[in-house]
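Me: I'd like a close look at one part of this structure, the way strands are put together into sheets. Please start there and then work outwards in one go.

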Amino acid sequence: MAEAVSTGIGAPVRRKEDLRFITGAGRYTDDINQPGQVYAVFLRSPYARARIDAIDATDALAMPGVLAVLTGKDMAGDGLGDLPCGWLVKQKDGSDMVSAPHPPLAHDVVNYVGEPYGLVIAETLQAAGQAAESVQTEFTELHAVVDPARAMESEDIHAGVVGNLAYDWALGEQEATEQALAAAAHVTRLDLTNNRLIPNAMEPRAALGVYEQASGEHVLYTTSQNPHLERLVLAAFVQVAPEHKLRVVAPDVGGGFGSKIFVYAEETAVIWAARKVGRPVKWTAERAESFLADAHGRDHVTRAELGLDADGRFVALKVATTANLGAYLSTFGSSIPTYLYGTLLAGQYKTPNIFVEVHGVYTNTAPVDAYRGAGRPEATYVVERIVETAARELGRDPVELRRINMIQPRDFPYETPVALTYDTGDYEASLNKALEMIDYQGFAERKAAAAKQGKRRGIGFACYIEACGLAPSKLAIQLGAGVGLYESGEIRVNPTGNVTVFTGSHSHGQGHETTFAQVVAERFGIGIDDVEVVHGDTGRVEFGLGTYGSRSLAVGGSALVKAAEKIVDKGRRIAAHMLEADPGEIDFDAGQFKVRDSNRTLSFGEVAFAAYVPSNYPEDLEPGLSEKAFYDPTNFTYPAGTHIAEVEVDEQTGVVSLVDFVAVDDFGTVVNPLIVHGQVHGGVAQGVGQALMEHGIYDEFGQLQTGSYMDYWMPRADDLPDFRVDTTVTPCTHNPLGVKGCGEAGAIGSPAAVMNAVTDALGVNEVSMPATPEKVWRALKGQ
Amino acid sequence: MKLKLTVNGTLRELDVPANSLLVDVIREHLQLTGTHVGCDTSQCGACTVHLDGRAVKSCTVLVAQAAGAEVTTIEGIGSTDALHPMQAAFREHHALQCGFCTPGMIMAAIDLVQNHADLDRRAVREGLEGNFCRCTGYHNIVDAVMAAAPQLAKGAGHG
């Protein structure tokens, strides 16, 4: 049992995958090269909105080493389809959302700066880059729509999309909410913006397309969080190749945070171009391209109203949001400000009436889609900012106001007014632990001490909830999802007793090769080094829906548990035959099949060997020991917790220092606390980045002003403090591991906590994110 | 142009375009793909290597500038069987997630601890501000560097 104690569920196992990363042996897409490989450089729009009048590639094609200049017209001429949006949102009047066509390469008009409309292919990257600069493109510049708040009154970007409105979506009871607000003892109103973010995974996107003419097989190496979804979209919608002739490999992937879920133009183009030029074609984004053409995140403008009764109980919440969807609907862009946002507006509270209306608008900016948290940080920001503001207006302690409104353990399962049923939780347990860790009692003293140093100290809270492991498939498909939301897993027990695990989840930093091995090893009573986890290759893994929404362990891990049960069941039948007992008499524990109440045992390895060398073997049983399973959850999981931030504001400069940060999260059962804490750290860093530093800014002409690390303030090591994190545990009630997911929580709770602390320090109700020194200085000066 | 370069202890004779960057020679010509490119403005530090013992961003060095010099990349500091103490500390403290920034971060951290005595956590944060990590929030990186520092300080007997 020593083995199980050191590596089983709950053990802080050091990661298996680290050895290759720390020695430089990781294998990312750009590290892969193919014989005869050529290089692609994309032609990108310099305008936010323009008509393409003519493309003259004569000079470029005459340059040495140039193989081809391919355009959007060529691609359309070859019959390739548009990039689809995978979630059809129904508007409040019951009609379908309005989805503008999204060709992978623009052919008639370009709609955001950086939009690709062609590519140059050459023997070397340098030659391709020089030739791309020689392509003469004539544009007629058109009026660009940039500000989402004014998009509905602006010129239509897409023919047939009136008022640039993709949808007018609503959830909840409007009339009841408005009546409750009218009757409320107090109403707090708050206007908020949720700033546009640019994801910036450290590995830029890349793609390498290979076409084998003799077999007709296409292989696409690419930076994807979900290679099977990529293959499905490329085969079924874009029709670049049939599914069985297209293999998508997502090797080591250097971070995603949502931005690598989507199916983009560039990977579509290289696999098509590889067939056209008969050579493997490689593209690796420069960082400037990542800024311009990766899907961005957030970008909401919101008005919220919270009604409270005379005791401070929330009676109604009404929210109106304009969500910027960018120039086109990205793969899941439509679902983020609707089903992943409006449904979370109950937060941790028993607010009986909630109504939310969202206008999703097109603008001439990069498409906006899921970025870490995806809708849930935006919802938490609305709820937790307005609750804190209400407490200030009423002169109530913000902790106590939250406490009297919280859903209690006895209330579960709890049905919210916005379509979710929370299965379990203990919100006050996390709140209490966080208060103890931050020493809430001692805050007044810390504030006084800071004041003596010319610093204004503030404290801010966020009690967040999120919904992870989006499910079940049937419900999601009824609500417009174009794919199922299950996950697949396969376990092959090899004849020598070690195990190869295949998962449809993908790891791009999350550590699945370790966590999933812990789960499987514990189930079989073997060492984690005897378990190899394979992911990220449609040629090796049967199917999968990939990694997003903190779903991997809750959904993908559960599929593996299900497959493991099938292995144990078959092993029991094999062992029963060999031990001359009834399968019902065989117990399996700690790697041993044992006849109950006897000393007759067979090890897991002995049974595996017997399955492949079936001499003494049941006649009615197939040889081999390999099982697969699909797991479709019955509900979301609901991680929740409390984040508390303390900041100090320098009165002279407006500089905000985050001086303490505490996160207490309930992720259900924790398989590897080392990895879970690391996920929280990273999420908090991104959330603090949103609150204090990061902002994707377009000017009035639609030019991106924050297109490099010189302009986009991403947190560096000296911008952040140490984080103090802990967990509470209420196991998820409906998956076999009791897990809820931990990937996004940090980014969900922290922006509201930090901004509540900043506004507390300043004594104002609102400073828009990010709270840069300039904005804070102006707030201090009353400007 | 032709030039000589000692890379991870081996003398390499190269014939490369005169405008080649050190990072491109490392990745493309020498196929040492542990050194990464994460930006185009010398801001991210993923390409950090050692040039004559000091950390440099190899995207900002022309290979011609490195002629005759000693270059050490992540592949040259340790192996899976014999990890460098900084590599071991990164693993022990879960100081990496996706691994993309990790080689550059490790090379920068080694330079930092070898050239600065008595580092505290704040000094480590300031010393690593030239290297972006988007996954870890830096917390565990600081833990790892603090843990490795005593073994690597000048005179402590390692590399």
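Reply: A word on terms before anything else: two strands count as paired if DSSP finds at least two bridges between them. Bear in mind too that this is a predicted model.

With that in hand, take strand 13 (residues 300-308) and strand 14 (residues 314-326) of chain A, which pair in the antiparallel sense over 9 bridges. If you want a spot to zoom in on, go to A:Val301, which has A:Thr322 of strand 14 of chain A standing opposite. These two strands belong to an open sheet of 5 strands in chain A, and reading across you get the order 7-15-14-13-8, with mixed pairing. At the edges sit strand 7 (165-172) and strand 8 (186-194) of chain A, each pairing on one side only. Neighbouring strands of this sheet turn against each other by 10 degrees on average, if you ignore direction.

Now add the helices. Helix 6 (residues 174-183) of chain A lies across strands 7, 8, 13, 14 and 15 of chain A, running at about 125 degrees to strand 14 of chain A. Helix 10 (residues 376-394) of chain A also packs on this sheet, where it touches strands 8, 13 and 14 of chain A, and its direction makes about 140 degrees with that of strand 8 of chain A.

There's another open sheet to set beside that one: 3 strands of chain A in the order 22-23-24, with antiparallel pairing. Here strand 22 (586-589) and strand 24 (601-603) of chain A are the edge strands, and the twist averages 20 degrees from one strand to the next. Strand 22 and strand 23 (residues 592-595) of chain A are joined by 4 bridges, and one pair of bridge partners is A:Asp589 with A:Gln592 in strand 23 of chain A. Helix 16 (residues 552-578) of chain A packs on this sheet and touches strands 22, 23 and 24 of chain A, its direction making about 130 degrees with that of strand 22 of chain A. Helix 17 (residues 604-612) of chain A packs on the sheet as well, touching strands 23 and 24 of chain A, at about 75 degrees to strand 24 of chain A.

Next, have a look at strand 1 (residues 38-44) of chain A. It pairs with strand 5 (residues 116-122) of chain A in the antiparallel sense over 6 bridges, and A:Phe42 has A:Leu119 as its bridge partner there. Strand 12 (residues 281-284) of chain A pairs with strand 1 of chain A too, in the parallel sense over 2 bridges, with A:Val38 opposite A:Val281. All told, 7 of the 7 residues of strand 1 of chain A are buried, so the strand is largely enclosed by the rest of the structure. Both faces are covered: A:Val38, A:Ala40, A:Phe42 and A:Arg44 are buried on one side, and A:Tyr39, A:Val41 and A:Leu43 on the other.

A:Ala40 takes us into the largest nonpolar core, which has 305 residues, and A:Ala40 is among those with the most contacts inside it, as are A:Val120 and A:Val754. The largest share of this core, 11 residues, comes from helix 19 of chain A. That helix (residues 745-762) has 18 residues and reaches 26 Å from its first C-alpha to its last. Since 18 of its 18 residues are buried, helix 19 of chain A is likewise largely enclosed by the rest of the structure.

Conventions. Residues numbered from 1 in each chain as written. Chains lettered and ligands numbered in written order. Predicted model: local features only at pLDDT ≥ 70, side-chain atom pairs only at ≥ 80, totals over all residues. Expected span 1.5 Å × (residues − 1). Buried ≥ 20, exposed ≤ 12 C-beta atoms within 10 Å, placed from the backbone. Core = buried A, V, L, I, M, F, W, Y, C linked by C-beta atoms within 7 Å. Axes fitted to C-alpha atoms, helices over the stretch in contact; angles between N-to-C directions. Contact = placed C-beta atoms within 7 Å.
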